[in-house]
Amino acid sequence: MAKKKKDNRRKINRTKKVLNIDVVRRQVAGLFEENPGEAFTVKQIFSKAGLRDKLAKKEGLNFVLDLEQEGAVEQLRNGSFRSRKSNTASGLEGIVDHVNRRFAYVICEGEEEDIWVKTDDLKGAINGDRVAVRIKSGGRQGNRPEGVVTKIVSRGRTEFVGKIEVLPNYAFVVPDFRKIYHDIFIYPEKIGKAKTNDKVLVKIKDWHGGKQKNPVGQVVEVLGQAGDHETEIHSIMAEFELPFRFPKNVEAAAEKIPVEVPKEEIKKRRDVRKTTTFTIDPEDAKDFDDAISVEYLKNGNYEIGVHIADVSYYVEEDGILHDEAVNRATSVYLVDRTIPMLPEKLSNGLCSLRPNEEKLTFSAMFEITPKAEIKSQWFGRTVTYSDRRFTYEEAQERIESGEGDFQEEINLLNGLAHQLKDKRFKKGAIGFETVEVKFKLDETGKPIGLFPKERKDAHKLVEEFMLLANKKVAEFVFNKHKGDDTFVYRTHDDPNPEKLETFSKFAAKFGHRMNPGKDVADNLNTLMNDIHGKPEQNVLESLAIRTMSKAVYTTEPKGHFGLAFPHYTHFTSPIRRYPDVMVHRLLQHYLDGGKSPKVDPYNELCRHSSEREKRAADAERASIKYKQVEFMAMAENRPFAGIISGVTEWGIFVEITETKCEGMIRTSSMTDDFYEFDEKNFRMIGKRNKRMFTLGDEVTVMVVDTDIDRRTIDLEFVDHD
């Protein structure tokens, strides 16, 4: 009897051992599955997998060795083990935004939260690189997940602009771009003709070489002496990889195009040359994309024509000019020059709707009642003749005085435009009126004046009819087959609720209340009206725009939140935007009864155009910031009124009210006390004196330093004691 009980106990113990082994294996496998790419020593495996007794540890180690034999894990030289899975825990890839020397964010498309990554965990990645990232288990940094870069998928760029310092045995280049935190090492034989203080374009040859493990590069172009206007503008162009000139074969192709409008082509088109037509553009404009015509109809209505340069007629699909236009995708407007999408013969000549010249156009014609109701519409190719070229200022004079040539037509259009705008806003459009600055430059390019651009009725008149044409073209194509036809739309997603909530708290710091959860458009419009003309206007408008989603080109027939349009496109600026050329081609294709083309090539062209648009905007901002820094350098030791526009742990941003220039008071320069950053309440608080600096505070500051290379303005408080 005793012997039988003993045998039963042995069976139970053997069963327990089997159960223990299964648990051990699950715990060890789970450790590697949850942390792909992370290495663990044997001791860490035992600890993290919860293996306590000798038998469990033995079985755990045997299982790890089995996994190694199967190829699931690998043993490193230091004896630790890691999973061979090359993908991240969540398969995430994103772009590095290296915000300061200590950390970066990895921005992953489709993810609500950016991933916080310490600089030491970037694995050598720099700003703009595409990386694979693994989220640390349980790791958080503030309200963001913390991650580790596991792989550099692709470099964002390999060429950089900066100032070179030449030493006896080597040289180094300090990149202009503020988010690059390593100097670039240059061997003597790779310096070329560069001299100390030159701006140079340098190409990276080795990302982790040199004595200090800095990137190693070679000078590929000397741009000129730092500080010189042409040098700095060329530096910006090189930094953003903007073309300096057109290839010779592209220029030659443009020159071969006949100037005369062929009579056979005119016969194919609707002839509106005898209809009153004019353009309204900035005073310094050279390319006139659009013209407006007015005809009084016998029934009391008006036929208003929006006539757009027919670029698609001159730029043949798949030709040299077309390929160059695709590559550039957009014109770029820097402070002192335009980098056009098309050669000058086209942009300023053949396609430009200059006065007293017959032009080939693509038109949207509308019969409109005196109450701005659209009774009918027509789209197609036309031939036009502009009777007059107006500047915005000249058109505004006719609106304000009611006198001058074509004043009747201009005031008719202005009245209709106001009604169209009112209807848009009743349907939920948002009225962002950001303040733009314009420079007065001397003959050397030096800024001698800075003033905000004014938007008056003449500007809004043109804008309203361009919006109408863009909207109606998009709706026309969409309605043919309920969005099934391939087309290029301009879409703008609804804003992220969390970003709206953050913005509403920001606005509250200035004393403005809004409810981000209800009637977003009405709330934002009320806020925009409240802040108009106030010191905080530019700060809040800029932040409101950053809170919104970015408008993009896409083949998906989604709506445009900011304009409150169910469908919208870009039809009105083909001289300077390639998507408009695509829209012209597709629209004519459908007018001719064509079937829907394959969508994939258009998807790629939309993505490319959106990227090029962002590059152009970044370059334009950089050129404006350069001139702002140069202008403010002449204003040192003079007090300025300003508004605190941003608070971070490393400094306080202040926008100078008079010039709209933004500078920083660095925390390190605030020596009267130790200031702590209160992130939740957007403020800085002195530890002893309890002095607070909060978003929206009106302050007085003085410029103490400017850095043209980095495009930064250092400020200090005038009354800081």
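**Close-up 1. G162 and its partner across a strand pair.** In this predicted model, G162 stands opposite P175, a residue of β10. Helix α4, made of residues 229-239, packs on the sheet here and touches β9, β12 (198-206) and β13 (216-225). If you follow the helix direction, you will find that it makes about 145° with that of β13. The strands in this view are β9, spanning residues 159-166, and β10, spanning residues 171-175; they pair in the antiparallel sense through 5 bridges.

**Close-up 2. The barrel that β9 and β10 belong to.** Stepping back a little, we can look at the whole set of strands. In what order do the 5 strands close into a barrel? The order is β9-β10-β11-β13-β12, and the pairing is mixed. From one strand to the next, the twist averages 50°. As a reminder of the general picture, strands of a sheet pair through backbone hydrogen bonds, and they can do so in a parallel or an antiparallel way.

**Close-up 3. An open sheet of 3 strands.** Here the strand order is β1-β3-β2, with antiparallel pairing. The edges are formed by β1 (39-40) and β2 (73-75), each of which pairs on one side only. Between β2 and β3 (residues 81-83) there are 3 bridges, and the two strands run antiparallel. Which residue of β3 does E74 face? E74 stands opposite R82.

**Close-up 4. β33 with its partners β27 and β34.** Strand β33 covers residues 698-707 and pairs with β27 (residues 639-648) in the antiparallel sense, over 5 bridges. Across this pair, P639 stands opposite M702 of β33. Strand β33 is also joined by 6 bridges to β34 (residues 712-717), and these two run antiparallel as well. In that pairing, D705 stands opposite D714 of β34. The hairpin of β33 and β34 has 4 residues between the strands, and R711 takes a positive phi near 55°.

**Close-up 5. The hairpin of β28 and β29.** These strands, residues 651-656 for β28 and residues 662-666 for β29, pair in the antiparallel sense over 5 bridges. F653 stands opposite M664, which sits in β29. How many residues lie between the two strands of this hairpin? There are 5, and K660 in the turn has a positive phi of about 60°. If you like to check backbone torsions, K660 is a good place to pause.

**Close-up 6. I531 in helix α14.** This helix runs over residues 520-531 and includes I531. Is I531 buried or exposed? I531 counts as buried because its relative accessible area is 0%, and the cut-off for buried is under 20%. With neighbours within four places in sequence left aside, I531 is in contact with H512, E536, Q537, L540 and E541. For one of these partners, E541, the separation from I531 is 10 residues in sequence and 8.7 Å in space, C-alpha to C-alpha.

**Close-up 7. T391 in strand β22.** Our last stop is T391, which lies in β22, a strand of residues 388-391. T391 has a relative accessible area of 10%, so it is buried. Which residues is T391 in contact with, leaving aside its neighbours within four places in sequence? They are I280, D281 and E283.

Terms used
Residues numbered from 1 in each chain as written. Predicted model: local features only at pLDDT ≥ 70, side-chain atom pairs only at ≥ 80, totals over all residues. Heavy atoms only, no water. Pairing = 2+ DSSP bridges. Axes fitted to C-alpha atoms, helices over the stretch in contact; angles between N-to-C directions. Contact = heavy atoms within 4.5 Å. Buried < 20%, exposed > 50% of the residue type's maximum accessible area, 1.4 Å probe, protein only.
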